[in-house]
Amino acid sequence: MPANRKDDVAREGLILALDQGTTSTRAMLFNQDMQVVATDQQEFPQHFPASGHVEHDAEDLWRTSVETMRGALAKAGVEAAALAGIGITNQRETTVVWDRETGRAIHPAIVWQDRRTARICGDLKRDGHEQLVRDRSGLLLDPYFSATKASWILDKVPGARAAAEAGKLVFGTVDAFLIWRMTGGRVHATDATNASRTMLYDIHRGAWCPDLCKVFGVPMGMLPEVRDSAGDFGETLPDLLGVPVPIRGVAGDQQAATTGQACFRPGMVKATYGTGCFALLVTGNQSVRSRNRLLTTVALQLNGRRSYALEGSIFVAGAAVQWLRDGLGLIETSAQTEVLAAEADPAQSVYLVPAFTGLGAPHWDADARGAMFGLTRATGPREIARAVLDSVAYQTRDLVEAMRGDWEGDGFSETVLRVDGGMVASDWLMQRLADMLATPVDRPKLRETTAMGAAYLAGLATGVYPEPDVFAEGWALDRRFEPGMAEAERERLYGGWQDAVRRTLTRS
């Protein structure tokens, strides 16, 4: 065998995962053994045109997607012909409306964090539409989701609504926009996980809901076709990567992370700590109606069969650390928060409620704004840094307590929390999580579980990777954090947090 033949064989069946996130885009190349071969990542600008408004230039999302995919291939020294498929995962709810002919967005993408449609949601609630939204979509009537964002664009961009009704405009979350551009407009599709975040999708029937589209004023002709998470989403244009490459996996970022964490069994829970924090409790084929203002969402759809989850969404987690760095200038790097928090005065009870863009689950108060409590003359950067990290642990407990109140299936009471995302590098925060939840926290060896989930779905569809049960056997633990805090101290701290939240809420 020629000397280079072994390398050629090893490179066959590579999977390229495109992780289009809120602050950066990353492409990761995985081999047949699900090991990372190469990574390329680019940050892109965030735009804040008004208070509560968060936007992205859709061309930045497209440009960084193309450049990072090419960059990962270049770093690995392989051609696109070695790829078995591409998997896409994306920031969910972020909304793009684009021209059917040009593929160009008619307005900046409105990001999931954006709160500009809070008044629209309030009007719809007063008009009695929240029950329909909850019954069909599993979601709450909130600006977080895509429907009111799309409607806002159609109303604010001159001529947009008429153009949409004439079939000249299309709508999608970021995955659908990227697929459209990758395939040259030949495919307008999304997967069931992303569709379930729009507030336009009937998660029980597995179809777009005409009644919801009417409520929100979004023409059904704009909507993408909904497909399995592991399936056929067309092929890339030849000039994109050099040869056509099949797109075979798609999932919203939190569902992709749940997949990457091998959380397939009902009762399993994962939490991802990035810009925000998102915890999902898998409930299997049962779509559980929350009594505690959690969301019912599609966890995965394979072979036409949907798996469901209860989800709690925290809008601000890592974003609070960024605020310490970029807004207050108290730190130079994110890693400094762990050092400062460990040195904080334990006698001070400082609480940060990071409601910079409102509060998510289980409060859902779009008008709440951030506040800090318990400040004294002795309070300094150490105590503020600890309050920032503590807020992540307290908010996670809020979600887990709500899940415990909703889920009556077997296994959840004894489950551990599987964690991923950039913040899990902090041992201090992971221990604080275990202490505050009074449950073990498991950090996996592969922390980029969102990209792994997208890669796995594409690999499953192309036959490169095994069925879910076999995939789950390969999940590997890096470290388990066991709770060690006394119950009295845990409840004292959490009680102070609950009081701080009550003071922050705009409604009881």
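**Exercise 1.** In this predicted model, find the bridge partner of Leu295 in E17, then work out how E16 and E17 pair.

*Solution.* Start with the residue: Leu295 has Glu311 as its bridge partner in E17. Next, look at the two strands as a whole. E16 and strand E17, which spans residues 305–314, run antiparallel and share seven bridges. As a reminder, strands in a sheet pair through backbone hydrogen bonds, in either a parallel or an antiparallel way.

Now for the helix next door. H14, residues 381–406, packs on the sheet and touches E14 (269–273), E15 (277–284), E17 and E20 (417–420). Set against E17, the direction of H14 makes an angle of about 135°.

**Exercise 2.** Write down the strand order of the open sheet and say which strands stand at its edges.

*Solution.* Walk across the sheet: the seven strands come in the order E16-E17-E15-E14-E20-E21-E22, with mixed pairing. The ends are E16 (295–302) and E22 (477–481); each has a single partner strand, so one side of each has no neighbour in the sheet. On average, neighbouring strands here are turned by 30° against each other, ignoring direction.

**Exercise 3.** Place Glu67 in its helix and decide whether Glu67 counts as buried, partly exposed or exposed.

*Solution.* First, the address: Glu67 sits in helix H2, residues 58–76. Then accessibility: buried needs under 20% and exposed over 50%, so Glu67, at 35% relative accessibility, counts as partly exposed. Finally, the company: leaving out residues up to four places away in sequence, Glu67 touches Asp40 and Gln42. Gln41 is 26 residues from Glu67 along the chain, and their C-alpha atoms are 8.8 Å apart.

Definitions and conventions: Residues numbered from 1 in each chain as written. Predicted model: local features only at pLDDT ≥ 70, side-chain atom pairs only at ≥ 80, totals over all residues. Heavy atoms only, no water. Helix = DSSP H or I, 4+ residues; strand = E, 2+ residues; numbered from the N terminus. Buried < 20%, exposed > 50% of the residue type's maximum accessible area, 1.4 Å probe, protein only. Contact = heavy atoms within 4.5 Å. Pairing = 2+ DSSP bridges. Axes fitted to C-alpha atoms, helices over the stretch in contact; angles between N-to-C directions.
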